[in-house]
Amino acid sequence: FKPFQSQFALTVIGHADKRPLIPRNQFLQDNFDLSSLRALNVMKYMISQGIPEHLAAARAAGSYDRDARSITLQIRSVRLPAGGETL
């Protein structure tokens, strides 16, 4: 993947189940917050492994897309300008 990493953008989508979350602090109040933190942690890990920050994003889906504690990785092709440099 590394030779081609500048040609792809990555979105990490965090999911949570429908079980109610007991609020823990101002940042972790519900399952939407939990799915957001899940996505952010995975995105930070991917960046630490060499994914360029400007090509990485995180999104929270809560339990709206699916009822599971999980992540989804969306990988999109990035169009290169005429000079071949990344956007």
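Start by selecting His15 and Thr72: their side chains are joined by a polar contact of 2.8 Å. Keep in mind as you go that this is a predicted model.

**Around His15**

Stay on His15 and colour by secondary structure; you are in strand β1. Is His15 buried or exposed? It counts as buried, because its relative accessibility is 2%, and the cut-off for buried is under 20%. Now show what surrounds His15, skipping residues up to four places away in sequence. The residues it touches include Ser35 and Arg38, then Ala61 and Gly62, then Asp65 and Arg66. Further along the chain, His15 also touches Ala68, Arg69, Ser70, Ile71 and Thr72.

**On to Asp17**

Next, select Asp17, which sits in the loop between β1 and α1. With a relative accessible area of 10%, Asp17 is buried too. Draw two distances from its side chain. One goes to the side chain of Arg19, a polar contact of 3.1 Å; the other goes to the side chain of Arg69, at 3.0 Å.

Then add Asp67 to the selection. How far apart are Asp17 and Asp67 in sequence and in space? They are 50 residues apart along the chain, yet C-alpha to C-alpha the gap is 4.5 Å. Asp67 is one of the residues that Asp17 touches, and the others are Asn31, Ser63, Ala68 and Arg69, again leaving out residues up to four places away in sequence.

**The sheet**

Hide the side chains and go to cartoon view. Which strand order do you see in the sheet? It reads β2-β1-β3, in an open sheet of 3 strands with mixed pairing. At the edges are β2 (56–62) and β3 (70–77), each of which pairs on one side only. Neighbouring strands here are turned against each other by 20 degrees on average, direction ignored.

Zoom in on β1, residues 8–15, and its pairing with β2: the two run in the parallel sense, over 6 bridges. To see one spot along that pairing, pick Val12, whose bridge partner in β2 is Ala58.

**The helix and the core**

Bring in helix α1, residues 31–48. It packs on the sheet and touches β1, β2 and β3, and its direction makes about 160 degrees with that of β2. For a close look at this packing, select Ala39. Leaving aside neighbours within four places in sequence, Ala39 is in contact with Val12, Ile13 and Gly14, and also with Ala58 and Arg59.

Ala39 and Val12 turn up together once more if you select the largest nonpolar core. Its 6 residues are Leu10, Val12, Ala39, Met43, Ile51 and Ala56. Which elements give two or more residues to this core? Those are β1 and α1.

**Zooming out**

Finally, show the whole protein chain. You should count 1 helix and 3 strands, and tracing along the sequence gives β-α-β-β. Of its 87 residues, 31% count as buried. Switch on a surface and the chain exposes about 6000 Å², with carbon and sulfur atoms supplying 55% of that.

The Asp17 and Asp67 pair, 50 residues apart in sequence, is a handy picture to hold for the last number. Taking contacts between residues at least 6 apart in sequence, 74% join residues at least 24 apart.

Terms used: Residues numbered from 1 in each chain as written. Predicted model: local features only at pLDDT ≥ 70, side-chain atom pairs only at ≥ 80, totals over all residues. Heavy atoms only, no water. Pairing = 2+ DSSP bridges. Helix = DSSP H or I, 4+ residues; strand = E, 2+ residues; numbered from the N terminus. Axes fitted to C-alpha atoms, helices over the stretch in contact; angles between N-to-C directions. Contact = heavy atoms within 4.5 Å. Buried < 20%, exposed > 50% of the residue type's maximum accessible area, 1.4 Å probe, protein only. Polar contact = N/O pair within 3.5 Å; in protein donor to acceptor, adjacent residues only side chain to side chain. Areas by Shrake-Rupley, 256 points an atom, 1.4 Å probe, with all protein chains shown as cover. Core = buried A, V, L, I, M, F, W, Y, C linked by side-chain atoms within 4.5 Å.
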